[in-house]
Amino acid sequence: MSESVIVVGGGAIGLAAAWSLARRGAEVLVLERHGHVHELGSHGGYTRIIRQAYHEGSHYIGLVREAEDEWLALARRRGDPLLARTGLVEFGHPDNADYQATLAACRASEVVHERLSAAAARERWPMFHVPRDWEVCYTPSGGYLRVRACMDALWAEAAAAGAKIRHGARAREIVMGGDRPRVLLEEGALLPADRVVVCAGAYSADLLPGFLRGGLTAQRRVLAWTTPAPARRSALSKMPVWAGLTPEGFFYGFPHLEMAGEGGVDGFKLACHTTATWDRIQAGEAGATAPPVNPERVDRVVDLQRDLAPLERFLERYLPAARGPIERATVCMYGCTPSWDFIIDHHPLDARVTVAAGFSGHGFKFAPAIGRLIAELALAGARGSAPELFSYARHQRDLAR
Ligand SMILES: Cc1cc2nc3c(=O)[nH]c(=O)nc-3n(C[C@H](O)[C@H](O)[C@H](O)COP(=O)(O)OP(=O)(O)OC[C@H]3O[C@@H](n4cnc5c(N)ncnc54)[C@H](O)[C@@H]3O)c2cc1C
């Protein structure tokens, strides 16, 4: 008899998990508190970067490659280009820690890359005002994924394999122990299953009290779209995805894209991944704090000074061609672990419950590969090829330090 699995959360990770579980024969029900593709979790904003230049560590690169193969196969099956290969430009001072980590990861995993001087980079991509003593690392494999198309594809495959989804179904509690784990819905129903998989993104901590001693947190981020002058748009639409590793923080963005036709925004999208303050926090500097937010009460009002002024200053200094009125801005949340490495493991109190969370601002690209890891863990009970880095024990060790 097939195993019944409830997946809590219908974001990219939950949908990919549902697909992987259903094609392994499980009877899958996805519970999603909102609808299919929305702005209230971690996947808002229409596009996500995919890159092999992984400053977070070369151990991620095998998973990126697996996920990329899956995205491309999905795109072929659906006749819809989910992934646009633009190349990725990362620029920073050669001493910048993230820049060095990017180069080290590229070398360790033989990621095709080019190192360019600021002068050579300016000649090739005149829109980037790379300071004279900085460098550029260019990886032709970089690009972006179209969020809605990717999530439509994951859901279509999951549904074709037999998975069911309920929208507007908010899980209140995961009830562990007993014959089978159960999911208590807000409306009061108690749903039993052989296995439960929690993929609730930035909302995970609320559903998992005590898990990782409060180490799962939510962080607020703002995405903005400028409208550059029409004469500059053609050049901006041909540029690669990019990241600027600057003393003011880690900024990134996309080419100028016309996405209004598919429910998105026409414009030049950019955001700040980590600020200089964040870098000081990571370095353990006393007094440097960025308090996590409560995902239920996150401030969704975009503030000109606090949120948009740093983006405008970045453009003025490093990418002036992309300046223009900010036509649209939105708030999105990262669901983070303390190290910003993912957590994918059984719940320590009930091995029939699997948790996949803490995708910390870089998880979307991995969804199909993470779906496989989740299915192996939930159904076979084995860590399989899930890196130790994503285990509960590893994160617990971090917290004990
Ligand atoms: C601004 C921003 C930029 C990013 N850029 C990139 C990038 O360029 N490249 C990249 O790879 N990644 C990027 N990421 C990260 C990536 O988007 C996330 O890691 C990924 O979307 C996480 O997917 P998820 O399914 O875990 O979370 P979500 O997409 O948030 O899905 C979780 C789902 O669970 C639902 N849910 C929550 N609680 C409950 C409950 N109690 N009951 C039922 N349903 C519930 C939510 O409604 C939500 O739909 C970015 C994230 C942000 C915020």
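**Close-up views of a predicted model**

The structure holds 3 cavities of 30 Å³ or more. Keep in mind throughout that this is a predicted model.

**View 1. The second largest cavity has a volume of about 50 Å³.** Look for the residues that line this cavity: Tyr-46, Thr-47, Trp-225, Phe-254, Pro-255, Leu-257, Met-259, Val-265, Gly-267 and Lys-269. Two elements each give two or more residues to the lining, namely strand S16 (249–258) and strand S17 (266–275). Which strand gives the most to the lining of the second largest cavity? That is S16, with 3 residues.

**View 2. Thr-47 is one of the residues lining the second largest cavity.** You can find Thr-47 in strand S3, which covers residues 47–50. Is Thr-47 buried or exposed? Thr-47 counts as buried because its relative accessibility is 3%, and buried means under 20%. Leaving aside residues up to four places away in sequence, Thr-47 touches Tyr-144, Leu-145, Val-147, Phe-254, Leu-257, Met-259 and Lys-269. With Lys-269 there is also a polar contact: the side chains of Thr-47 and Lys-269 are joined at 2.9 Å. Both Thr-47 and Lys-269 belong to the cavity lining shown in View 1.

**View 3. Six strands form an open sheet with mixed pairing.** Try following the strands across the sheet in the order S9-S2-S1-S13-S20-S19. At the edges you meet strand S9 (164–167) and strand S19 (343–347), each of which pairs on one side only. On average, neighbouring strands of this sheet are turned by 20 degrees against each other, direction ignored.

**View 4. Helix H1 (residues 12–23) packs on the sheet.** H1 touches strand S1 (4–8), strand S2 (27–32), S9, strand S13 (195–198) and S20. How is H1 directed relative to S2? The direction of H1 makes about 170 degrees with that of S2.

**View 5. At one edge of the sheet, S19 pairs with strand S20 (residues 350–357).** The pairing of S19 and S20 is antiparallel and runs over 5 bridges. To spot one place where the strands face each other, find Ile-343, which stands opposite Ala-357 in S20.

**View 6. Helix H10 (residues 367–380) lies across four strands of the sheet: S1, S13, S19 and S20.** Compare the direction of H10 with the edge strand S19: H10 runs at about 15 degrees to S19.

Terms used. Residues numbered from 1 in each chain as written. Predicted model: local features only at pLDDT ≥ 70, side-chain atom pairs only at ≥ 80, totals over all residues. Heavy atoms only, no water. Buried < 20%, exposed > 50% of the residue type's maximum accessible area, 1.4 Å probe, protein only. Polar contact = N/O pair within 3.5 Å; in protein donor to acceptor, adjacent residues only side chain to side chain. Contact = heavy atoms within 4.5 Å. Pairing = 2+ DSSP bridges. Axes fitted to C-alpha atoms, helices over the stretch in contact; angles between N-to-C directions. 1 Å grid on protein atoms, 1.4 Å probe; cavity = no way out; pocket = protein on both sides within 12 Å on 5 of 7 lines; lining within 4 Å. Points joined across faces, edges and corners; volume = space filled by probe spheres on them.
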